[in-house]
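Here is a short set of exercises to work through with the model open beside you. Try each task yourself before reading its solution.

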Amino acid sequence: MREDRFFISTKIEKGELEISNREIFHQLKNVLRKRVGDRLILFDGTGIEAEAQIKEFLKDKVKVEILKIERPDREPKIFISLFCSVLKKSNFELVVQKATEVGVKEIVPILCKNTVKTRLNIERLRKIAKEAAEQSKRVTLPKIEEILSFKKAIEKARNFDLKILFDASGKNFSLKEEVQKIAIFVGPEGGWHGSEIEFAKKENFEILNLGKLNLRSETAAIAASFLVVHSLS
């Protein structure tokens with residue numbers, strides 16, 4: 001049976017709740033053609049989700065009753081931040097969608113020396129992340145940061161327990177450490193500049209590879225996210 005899930009920015013509590021988000025209202029009434037009495041799942045990004053029943057459709061909002069609130073154990077225990085070079089629009093959107101699905105907590109677009117594209121629609125990326133979180137049954141949303149320079153990204157990652165830069169020249173992938181926060185860096189299609197790799201080494205980054213095949217950047221970002229999240233979960 002299909003489970004219709006929606007993220008809402010309103011704090012979820014027992015009792016009646018009005019959802020005034022126009023997109024959700026349109027989806028429920030006009031696309032899914034929900035009726036009074038139908039049920040849906042709501043989550044507010046705090047780690048909880050709730051079963052709700054539609055009580056009434058008003059002019060531009062829907063009234064629901066929260067029937068049950070749970071805190072499911074589906075989110076990865078560790079905090080993974082993906083620092084990925086800006087790619088062309090469709091490729092970076094794919095990275096955001098799939099990284100969200102596998103459990104990444106934060107996605108940071110970065111500008112490297114070999115980065116070709118330099119702009120992204122951050123609000124669109126946040127919408128894609130929200131939809132991916134709804135579809136994959138996550139109960140939190142990943143944070144989508146504004147674009148950072150490579151140097152600023154390195155500085156942001158300094159307080160992480162483990163920092164990994166993925167490059168073909170690195171050691172074979174292996175994770176055994178008990179850590180809480182991991183930063184993973186994936187470069188552009190043209191690869192990392194030598195000076196960037198050396199800078200990362202000086203900042204105590206692990207330089208690891210993702211195998212012997214030459215992966216596209218979006219593939220590397222998705223594969224790295226999955227491997228790191230599920231190697232330590």
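The exercises below go from the whole chain to one helix, the cysteines and the aromatic rings.

This is a predicted model, in which local features need pLDDT of at least 70, side-chain atom pairs count only at pLDDT 80 or more, and totals for chains, interfaces and linings use all residues. Residues are numbered from 1 along each chain as its sequence is written, and side-chain values use heavy atoms, with hydrogens and water left out.

**Exercise 1. Describe the chain as a whole.**

Step 1: Start with secondary structure, where helices (H or I, at least four residues) and strands (E, at least two) are DSSP runs numbered from the N terminus. The chain has six helices and 12 strands.

Step 2: Next, take the extent. Along the principal axes, the C-alpha atoms fill a box of roughly 60 × 35 × 30 Å.

Step 3: Now look at burial, where buried means under 20% relative accessible area, exposed over 50% and partly exposed in between, with a 1.4 Å probe and protein chains only. Of the 233 residues in the chain, 48% are buried.

Step 4: Finish with contacts (heavy atoms within 4.5 Å). Among those between residues at least 6 apart in sequence, 71% join residues at least 24 apart.

**Exercise 2. Work out which side of helix H6 is buried and what it packs against.**

Step 1: Check the helix itself. H6 covers residues 217-231, 15 residues in total, and spans 21 Å from first to last C-alpha, close to the 21 Å expected at 1.5 Å a residue; the expected span is 1.5 Å times one less than the number of residues.

Step 2: List the buried residues of H6: Ser217, Glu218, Ala220, Ala221, Ala224, Ser225, Val228 and Val229.

Step 3: These residues lie on the same side of H6 because they cover an arc of only 160° around the axis, an arc taken from the directions from the helix axis to the C-beta atoms.

Step 4: Their packing partners are strand S6 (79-85), helix H2 (89-102), strand S10 (162-172) and strand S11 (181-186).

**Exercise 3. Find how many disulfides there are, and look at cysteine 84.**

Step 1: Apply the cut-off, a pair of cysteine sulfur atoms within 2.5 Å. The whole structure has zero disulfides.

Step 2: For cysteine 84, the nearest cysteine sulfur is that of cysteine 112, 8.4 Å away.

Step 3: Compare accessibility: cysteine 84 is buried at 0%, and cysteine 112 is buried at 10%.

**Exercise 4. Classify two aromatic pairs, then place lysine 181.**

Step 1: Rings of Phe, Tyr and Trp (its six-membered ring) pair if their centres lie within 6.5 Å; planes under 30 degrees apart count as stacked, over 60 as edge-to-face and the rest as tilted. The whole structure holds 10 aromatic pairs.

Step 2: Phenylalanine 166 and phenylalanine 173 are stacked, because their ring centres are 6.1 Å apart and their planes are at 25°. Phenylalanine 166 is buried at 7% relative accessibility, while phenylalanine 173 is partly exposed at 22%.

Step 3: Phenylalanine 185 and phenylalanine 205 have centres 5.0 Å apart and planes at 85°, so they are edge-to-face. Phenylalanine 185 is in strand S11 and phenylalanine 205 in the loop between helix H5 (194-202) and strand S12 (206-209), 20 residues apart.

Step 4: Both phenylalanines belong to one aromatic cluster, with Phe79, Phe83, Phe150, Phe160, Trp192 and Phe199.

Step 5: A charge sits over a ring if NZ of Lys or CZ of Arg is within 6 Å of the ring centre and within 35 degrees of the ring normal. Lysine 181 sits over phenylalanine 79, 5.3 Å from the ring centre, and over phenylalanine 160, at 4.4 Å.
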